[in-house]
Amino acid sequence: MRLILLGPPGAGKGTQAKMLNEKFRKPQISTGNILRKAIQNGTDLGNRAKVFMNAGKLVQDDVVIGLIKERIVEEDCRAGFILDGFPRTIIQAEKLTETLEEMGLLINAVVDFEVDSEELLNRLTGRSTCSNCGAMFHRTSRPPLKDGVCDSCEGKLHQREDDKEETIKKRLEVYEQETAPLKEYYKKQGNLKTVKGCGAVEEIFSRVCAMVS
Ligand code: AMP
């Protein structure tokens with residue numbers, strides 16, 4: 001199983017990727033999480049990426065492509081993987097197709113989450129993220145059991161720097177310009193599946209599972 005989860009920021013890719021990972025035991029590869037870890041660790045990559053991420057812009061294609069190329073050849077990806085937040089530009093998608101072709105592999109499905117923009121804003125402004133495992137919670141729709149503490153790993157919850165309202169607007173704009181064209185790209189390849197991303201997390205998950213299994 002090799003999946004791509006597509007959709008705007010706040011569409012639920014991260015949450016659904018985590019649930020897919022638990023059900024199907026395939027690694028969740030989130031470029032956002034990899035970059036945030038690099039920032040936390042103060043690496044060169046992190047320092048370079050931080051400026052773009054905090055401004056709501058995309059990190060350069062060659063940087064994220066490099067990260068993905070390194071990651072998908074690891075042992076745990078042999079039986080498949082779930083890409084969460086990659087690709088985000090046509091160049092990234094083309095490079096991914098090329099790399100997989102060289103490995104004799106294909107993407108099985110591209111799941112595109114549809115959520116209206118008002119709902120996206122509400123989700124992103126109310127969200128808190130675990131500093132340790134990246135799990136996401138929401139002030140009203142998915143509050144943690146203990147205030148400020150992650151239900152899964154007891155890590156500390158915080159608001160992501162790029163979940164501030166101004167940055168969110170920029171990220172949504174960037175999504176429309178750079179990432180939305182991927183829907184057409186994968187439609188042409190014949191593996192785009194659109195899922196309604198509204199409703200309870202579990203309901204959305206059932207829709208995703210029905211599509212990918
Ligand atoms: P995410 O956690 O997927 O919402 O990503 C957070 C931020 O990380 C994005 O707004 C970008 O700045 C950066 N990022 C994550 N994935 C990519 C990607 N595939 N290409 C470029 N930048 C990315």
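**Note on the sheet and helix H3**

1. The central topic is an open sheet of five strands, which follow the order S2-S3-S1-S4-S8 with parallel pairing. The model under review is predicted. The sheet is bounded by strand S2 (28-30) and strand S8 (192-196), its edge strands, each of which pairs on one side only. Disregarding direction, neighbouring strands of this sheet are turned against each other by 25 degrees on average.

2. At the S8 edge, the partner is strand S4 (residues 109-114); S4 and S8 run parallel and are joined by five bridges. Phe 113 has Val 195 of S8 as its bridge partner. As a general point, the strands of a sheet pair through backbone hydrogen bonds, in either a parallel or an antiparallel manner.

3. Helix H3 comprises residues 44-54, and its buried residues are Leu 45, Gly 46, Ala 49 and Met 53. These residues lie on the same side of H3 because they cover an arc of only 80 degrees around the axis.

4. Which residues are exposed on the face of H3 turned away from its buried side? That face carries Asp 44 and Val 51.

5. The packing partners of the buried residues of H3 are three elements: helix H2 (31-40), helix H4 (61-72) and helix H7 (165-179). Leu 45, Gly 46, Ala 49 and Met 53 are the buried residues of H3, and contacts with H2, H4 and H7 are thus attributed to this set.

6. Just after H3, the backbone at Gly 56 deserves a remark: this residue takes a positive phi of about 80 degrees.

Definitions and conventions: Residues are numbered from 1 along each chain as its sequence is written. This is a predicted model: local features need pLDDT of at least 70, side-chain atom pairs count only at pLDDT 80 or more; totals for chains, interfaces and linings use all residues. Side-chain values use heavy atoms; hydrogens and water are left out. Two strands pair if DSSP finds at least two bridges between them. Helices (H or I, at least four residues) and strands (E, at least two) are DSSP runs, numbered from the N terminus. Axes are lines fitted to C-alpha atoms, for helices over the stretch in contact, and angles run from 0 to 180 degrees between N-to-C directions. Buried means under 20% relative accessible area, exposed over 50%, partly exposed in between (1.4 Å probe, protein chains only). The arc is that of the directions from the helix axis to the C-beta atoms. Contact means heavy atoms within 4.5 Å.
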